[in-house]
Every structure is written in C-alpha cells, then in structure tokens.
Amino acid sequence: MLIATGAFLLAGTIKGAVGIGLPTASIGILSQFYDAGLAIALVVFPSMLSNAWQLYRAGDAVRAFRDYRIIAISMMVVIWWTTSITATVSQNTLLLIVGTAVVLFAVTSLLVSPPRLPDRFDKPAQLVAGIASGLLGGLTAIWAPPMVTYLIARRLEKDEFVRITGLLIFLGTLPLCAGLWRAGLFGGTQAAISAAMVIPALLGFQIGEAVRRRLHAERFQ
C-alpha cells in the first residue's frame, strides 16, 4: 500500500502539471513490484476520477466532445473490444507490452515533434488515433501515446490540451473498467485498493496544478 500510495502521488502530480501521465507513470512503477495485470487494474479508479475532476475544472465538456467525438467514440469501442484479449495474454507478454508503450512514449515525447496537422485531415487523423489508442489502452490501460501525438499535431494551447486529454482519458476509463470487470481482472480487492488510491492521486493532482500555473507555454510543450 505504501508503494502504491507513493506511485499514485507522483503520477497524480505529473498529471496535474501536464494533463496526462497518470496511467503511464503509475503502471510503469507498479509493474516493477506487482504483476502487470494488477498494476493495470489499480489505475482504473484514480484515472477515472482524476480525469473527471480535470474535466470539471477545465469546463466546456460538451463542446470538447463535439469537436473530438470521432477519436472519443472509436477509442471507447476499441478499448471495450481489446480488454477481452487482456485476460488471455501471459504476464510476461503483458509486461513487455507495457514496457514498450512506456519507453516509446517517453522517447517520442522527448525527441519527436509531429508536424502540424491541417484541418482537412483532422477527421481521418482522429479515427486513426482513436483506434490506435484503443488497441494500446485495452491491453495496457496506457492510451496516451497515439492520442497525445495527434493532439500535439493540432497545436493546442495548454488549457485546451488539458481539457481534451481529461475528456478522452475519462471516457476511455469507462469501457476499460467494464471490460476488465467482464474479463475477471477487476473486482473485490483490486477495486477496493484502486478506490483507496484516488486520495493520493487527487492530492498529487492539486500539487501538479500549482506547478502548471507557473509554466510558460513553451515549457509546457
């Protein structure tokens, strides 16, 4: 519990600062101590509620969904479908997928800046990003890499970026929770510990928000 609390406090701080990173950071840390399936299950409630809070704080959720409904709906459908596969994947394979996702996300975030996406390509890009995010998210609960690549290419200002990521990650946790429960990977003890981890995650989020308010746009990017 102490390890999990520390992991979610750190992950919540990262999320509060940049709008993303709670599943990536928490699963990356927790999978070093627990099996990957448990690490994925524990992230469900902290991710769901921290993103609901992030979206509430950002406001304008209806407009955000209207503008990004293609990526949102395609991602949710594919996450629901992909979680049925997660229970059949071995722990070593799941750990490999999680590790690859975390490393690729870190490397591409540091080294690659996607070109600006013209408006005329927005709808097909949303569909591609939604499907890719859903496939990765259903297996690992980490669906930020394709989603963030798309959003960076749209060159959103920081408050809009935080609003949209809060919306997309919150919506993604709904089929993830239902799918993991259906697959027998989320319930009982896992759900209780996941619920308890909401407290350090939201505390970290408040710390991260204070950091974000001090960040210039270039530093935020």
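**Side-chain contacts in the predicted model**

The backbone oxygen of S47 sits 2.7 Å from a polar atom in the side chain of N51. This is a predicted model, and everything below is read from it. N51 itself belongs to helix α4, which covers residues 44-58. As for cover, N51 comes out at 0% relative accessibility, so it counts as buried.

Turning to charged pairs, a search through the whole structure brings up eight salt bridges. One of them is between R63 and E160, whose closest N and O atoms are 2.7 Å apart. That pair reaches across distant parts of the chain: R63 is in helix α5 (residues 61-67), E160 is in helix α10 (residues 158-182), and 97 residues separate them. Neither partner is out in the open, as R63 and E160 are both buried.

E160 has another partner in R163, and here the N to O distance is 2.5 Å. This time the contact stays within one element, since R163 and E160 both lie in helix α10, three residues apart, or about one turn of the helix. R163 is buried, just as E160 is.

A similar arrangement turns up in helix α12 (residues 198-213), where R212 and E209 are three residues apart, again about one turn of the helix. Their side chains meet in a salt bridge at 3.8 Å, N to O. With a cut-off of 4 Å between nitrogen and carboxyl oxygen, this distance still falls within the definition. Both R212 and E209 are buried. Elsewhere, salt bridges with shared partners pull D60, R63, D67, E160 and R163 together into one network.

What about the rings? The whole structure holds three aromatic pairs. One of these brings Y68 and Y150 together edge-to-face, with 6.3 Å from centre to centre and 75° between the planes. Y68 lies in the loop between α5 and α6, while Y150 is in helix α9 (residues 144-153), so the pair ties together parts that are 82 residues apart in sequence. Buried means under 20% relative accessible area. Y68, with a relative accessible area of 7%, is therefore buried, and Y150 counts as buried too, at 5% relative accessibility.

Out on the surface, the picture is a nonpolar one: W80, W81, I85, L127, I131 and L135 form a patch there, and together they have about 550 Å² of accessible area. The elements giving two or more residues to this nonpolar patch are α6 (69-86) and α8 (122-140). W81, one of the patch residues, lies in helix α6. The line for exposed is drawn at over 50% relative accessible area, and W81 counts as exposed because its relative accessibility is 52%. W80, also part of the patch, has a charged neighbour: R182 lies over the face of the W80 ring, at 3.8 Å from the ring centre.

Taken together, the contacts described here include the R63 and E160 salt bridge linking α5 with α10, and the Y68 and Y150 pair tying the loop between α5 and α6 to α9. The R163 and E160 pair, by contrast, lies in α10, and R212 and E209 both lie in α12.

Methods
Residues are numbered from 1 along each chain as its sequence is written. This is a predicted model: local features need pLDDT of at least 70, side-chain atom pairs count only at pLDDT 80 or more; totals for chains, interfaces and linings use all residues. Side-chain values use heavy atoms; hydrogens and water are left out. Patches are made of residues with over 30% relative accessible area and no salt bridge: like charges are joined within 9 Å, nonpolar side chains (Val, Leu, Ile, Met, Phe, Trp, Tyr) within 5 Å. Accessible areas come from the Shrake-Rupley method with a 1.4 Å probe; for residues, only the protein chains shown count as cover. Helices (H or I, at least four residues) and strands (E, at least two) are DSSP runs, numbered from the N terminus. Buried means under 20% relative accessible area, exposed over 50%, partly exposed in between (1.4 Å probe, protein chains only). Rings of Phe, Tyr and Trp (its six-membered ring) pair if their centres lie within 6.5 Å; planes under 30 degrees apart count as stacked, over 60 as edge-to-face and the rest as tilted. A charge sits over a ring if NZ of Lys or CZ of Arg is within 6 Å of the ring centre and within 35 degrees of the ring normal. A polar contact is a pair of N or O atoms within 3.5 Å; within protein, one must be able to donate a hydrogen and the other to accept it, and residues adjacent in sequence count only if both atoms are side-chain atoms.
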